[in-house]
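Ready to work through a small protein at your own pace? Have a look at the model first, then try each exercise before reading its solution.

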Amino acid sequence: MAKDVKCEVNNCKYWAEGNNCIASSICVVSHTGKSAANEKETDCQTFEPTV
């Protein structure tokens, strides 16, 4: 697994200083099935908003 996962969504509970993701695992899905043509067709399902 990648050691340096970057995230710019600073209202996610897994966001850390330096735009780092501190989730123990990450789930990324495609809007279009099993493949995606570009980043706009994907989402991070690991996202959880901060309270």
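The exercises below go from the overall fold to single residues of this predicted model.

**Exercise 1. The overall layout**

Work out how many helices and strands the protein chain has, and in what order the elements run.

Solution.
- Step 1: Count the elements. The protein chain has four strands and zero helices.
- Step 2: Read them from the N terminus, and the order is β-β-β-β.
- Step 3: Add the dimensions. Along its principal axes, the C-alpha trace spans about 30 × 25 × 15 Å.
- Step 4: Look at burial. Of the 51 residues in the protein chain, 12% are buried.
- Step 5: Turn to contacts between residues at least 6 apart in sequence. Among these, 24% link residues at least 24 apart.

**Exercise 2. The cysteine pair**

Find out how many disulfides the structure holds, then check C7 and C12 one by one.

Solution.
- Step 1: A search for disulfides gives zero.
- Step 2: Take C7. This residue is in no disulfide, and the nearest cysteine sulfur, that of C12, is 5.6 Å away.
- Step 3: Apply the cut-off. A disulfide needs two cysteine sulfur atoms within 2.5 Å, so C7 and C12, with sulfurs 5.6 Å apart, do not count as one.
- Step 4: Turn it round. For C12, too, the nearest cysteine sulfur is that of C7, and C12 is in no disulfide.
- Step 5: Check accessibility. C7 is buried, with a relative accessible area of 19%, and C12 is buried at 7%.

As a reminder, a disulfide is a covalent bond between the sulfur atoms of two cysteines.

**Exercise 3. The largest pocket**

Identify which residues line the largest pocket, and sort them by character.

Solution.
- Step 1: Start with the space, which is about 180 Å³ in the largest pocket.
- Step 2: List the lining. V5, K6, C7, V9, C12, Y14, C21, I26, C44, T46 and F47 line the largest pocket.
- Step 3: Sort the lining residues. Nine are nonpolar, one is polar and one is charged.
- Step 4: Assign the classes. Lys counts as charged, so K6 is the charged residue in this lining.

**Exercise 4. Two lining residues, I26 and T46**

Both residues belong to the pocket lining. Locate each one and list its contacts beyond four places in sequence.

Solution.
- Step 1: Place I26. The loop between β2 (20–21) and β3 (28–30) holds I26.
- Step 2: Judge its exposure. I26 has a relative accessibility of 33%, so it counts as partly exposed.
- Step 3: List its contacts. Beyond residues up to four places away in sequence, I26 touches V5, C21, C44 and T46.
- Step 4: Compare sequence with space for one of these partners. I26 and C44 are 18 residues apart in sequence, with 7.3 Å between their C-alpha atoms.
- Step 5: Place T46. This residue is in the segment after β4, and at 13% relative accessibility T46 counts as buried.
- Step 6: List its contacts in the same way. T46 is in contact with Y14, A23, S25, I26 and C27, leaving aside neighbours within four places.
- Step 7: Add a distance. T46 and V28 are 18 residues apart along the chain, and their C-alpha atoms are separated by 7.5 Å.

**Exercise 5. The salt bridge**

Determine how many salt bridges the whole structure has, and explain why the pair links parts of the chain that are apart in sequence.

Solution.
- Step 1: Recall the principle. Side chains of opposite charge can pair when their charged atoms come close.
- Step 2: Search the whole structure, and one salt bridge turns up.
- Step 3: Name the partners. The side chains of E48 and K13 meet, at 3.4 Å from N to O.
- Step 4: Place the partners. E48 lies in the segment after β4 (42–44) and K13 in the segment before β1 (15–16), so the salt bridge ties together parts 35 residues apart in sequence.
- Step 5: Check exposure. Both are partly exposed, E48 at 34% relative accessibility and K13 at 44%.

**Exercise 6. Two loop residues**

Is K40 buried or exposed, and what is notable about the phi of N19?

Solution.
- Step 1: Place K40 in the loop between β3 and β4.
- Step 2: Read its accessibility. At 69%, K40 counts as exposed.
- Step 3: Add a distance. K40 and W15 are 25 residues apart along the chain, and 20 Å separates their C-alpha atoms.
- Step 4: Move to N19, in the loop between β1 and β2. N19 is not a glycine, yet its phi is positive, about 60°.
- Step 5: Finish with exposure. N19 counts as partly exposed, at 29% relative accessibility.

Note on methods
Residues are numbered from 1 along each chain as its sequence is written. This is a predicted model: local features need pLDDT of at least 70, side-chain atom pairs count only at pLDDT 80 or more; totals for chains, interfaces and linings use all residues. Side-chain values use heavy atoms; hydrogens and water are left out. On a 1 Å grid over the protein atoms alone, a cavity is a set of points where a 1.4 Å probe fits but cannot get out, and a pocket is an open set with protein on both sides within 12 Å along at least five of seven lines; lining residues have an atom within 4 Å of a point. Grid points are joined across faces, edges and corners, and a volume is the space filled by probe spheres set on the points. Buried means under 20% relative accessible area, exposed over 50%, partly exposed in between (1.4 Å probe, protein chains only). Helices (H or I, at least four residues) and strands (E, at least two) are DSSP runs, numbered from the N terminus. Contact means heavy atoms within 4.5 Å. A salt bridge is a side-chain nitrogen of Lys or Arg within 4 Å of a carboxyl oxygen of Asp or Glu.
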